[in-house]
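Visitor: I am new to reading protein structures, and I would like to learn how to describe what I see. Could you take me through a model step by step?

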Amino acid sequence: MSDMSSSLSRRALMQAGAALGTAVLLPGTARAAEAAASDGTLSLEGRTIAISVAGTDHFFDLKAYQAQVETVKELGGTPIGLDAGRSDKALVSQLQTLVTQKPDAVIQTLGTLAVVDPWLKKLRQAGIPVFSVDLPSTNVINTATSDNFSLGAQLALQLVSDIGGRGNIVVFNGFAGVPVCEIRYTQLRTVLKYYPDAKIVQPELRDVIPNTVQDAYGQITALLAKYPEPGSIAAIWSAWDIPQLGATQALIAAGRTEIRTYGVDGTPEVLALVKDPKAPAGAVAAQQPTVIGRTAVLNVARYFAGRTNLPSQTFVPAIVANKANAAEVQRQLGQA
């Protein structure tokens, strides 16, 4: 690619990033889910649906889990809720139990694919239909999720637009085994390829569970001591927004509000910080966990209604909330 065409490509990407401030959620997403649920052909009457979740301590996970339980009940089914409490051992144990119990279907929400997938395969081999939330796998019939490809690219475009395409970027990258996190990170690296003046600080930081907020706060506080000059760090990125929350709090405490933070999910505390013009939270890609959880159950009902040609993934719209549109995103998500 010539220097001129490369410059044009970067300019086009920058303009796309700047335009994100005018974006809105796709209309009628929640209404469409409600309409589908009221469809008389969809029923889980007499069926037992196991709802397995890696943990419910995070806003997205909790809301998606609650929506699944409620929707199974609305459709006349019996939900079996299983919360692994962020323990891989407990998650394997609960899936192992389901192989024996043989519910009518299983929905798995999140988890490290290498840990979970062998048990999803065993469930499938036992003749149990398996679905998932935010966990793409060849062993599930359908995954309900955001489009993490476009979501990750849009968040990265917002970041490079905000920093003018140059500067040091701190990245939390601790969950490459979680497919949705890996996709978001890959999209960040893809966008940054066109911005040679924007560089990821090495080594990358690792986000942890539990105590994510406190750990991120501590890591960023220590990193700021290594980069004391204003402008030495331009942005902080994480694949979900709980590290972003801790990082933002650390920046406020250190008086380094020239640095902007970026993440994914739309946890209410983070979205409120994005809305606050004085807070250094630059943007968050806001998902719709309630709609995603509900969609997963509706797809189970569709499967039992004979609609066996379901897509491998059902994408629910998400939006990058920034300083310009955060109030509107709050309203649309019911957080205002």
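Visitor: How are H8 and H9 oriented to each other, and why?

Guide: Before we begin, please keep in mind that this is a predicted model. Angles from 0 to 180 degrees are sorted into classes, and those that are not roughly parallel, roughly antiparallel or roughly perpendicular count as oblique. Here helix H8 (residues 212–226) and helix H9 (residues 241–254) pack at an angle of about 45°, with their axes 7 Å apart, and H8 and H9 are therefore oblique to each other. The crossing in which H8 passes H9 is right-handed.

Visitor: Which residues in H8 meet residues in H9?

Guide: From H8 come Thr212, Val213, Ala216, Tyr217, Ile220, Thr221 and Leu224, and among their partners in H9 are Ile242, Pro243, Leu245, Gly246 and Gln249. Sorted by class, this contact of H8 with H9 holds 13 nonpolar and four polar residues, with no charged residues.

Visitor: What is the order of the strands in the open sheet?

Guide: In general, strands of a sheet pair through backbone hydrogen bonds, and the pairing is either parallel or antiparallel. In this model the open sheet has six strands in the order E2-E1-E3-E4-E5-E11, and their pairing is parallel. At the edges lie strand E2 (78–83) and strand E11 (313–316), each of which pairs on one side only. Neighbouring strands of this sheet are turned against each other by 15° on average, with direction ignored.

Visitor: How many bridges join E1 and E2?

Guide: Strand E1, which covers residues 48–53, pairs with E2 over six bridges in the parallel sense, and Thr48 stands opposite Thr78 in E2.

Technical notes: Residues numbered from 1 in each chain as written. Predicted model: local features only at pLDDT ≥ 70, side-chain atom pairs only at ≥ 80, totals over all residues. Heavy atoms only, no water. Pairing = 2+ DSSP bridges. Helix = DSSP H or I, 4+ residues; strand = E, 2+ residues; numbered from the N terminus. Parallel < 35°, antiparallel > 145°, perpendicular 65-115°, else oblique. Left-handed = near helix turned anticlockwise from the far one by under 90°. Contact = heavy atoms within 4.5 Å. Nonpolar A, V, L, I, M, F, W, Y, C, P; charged D, E, K, R; others polar.
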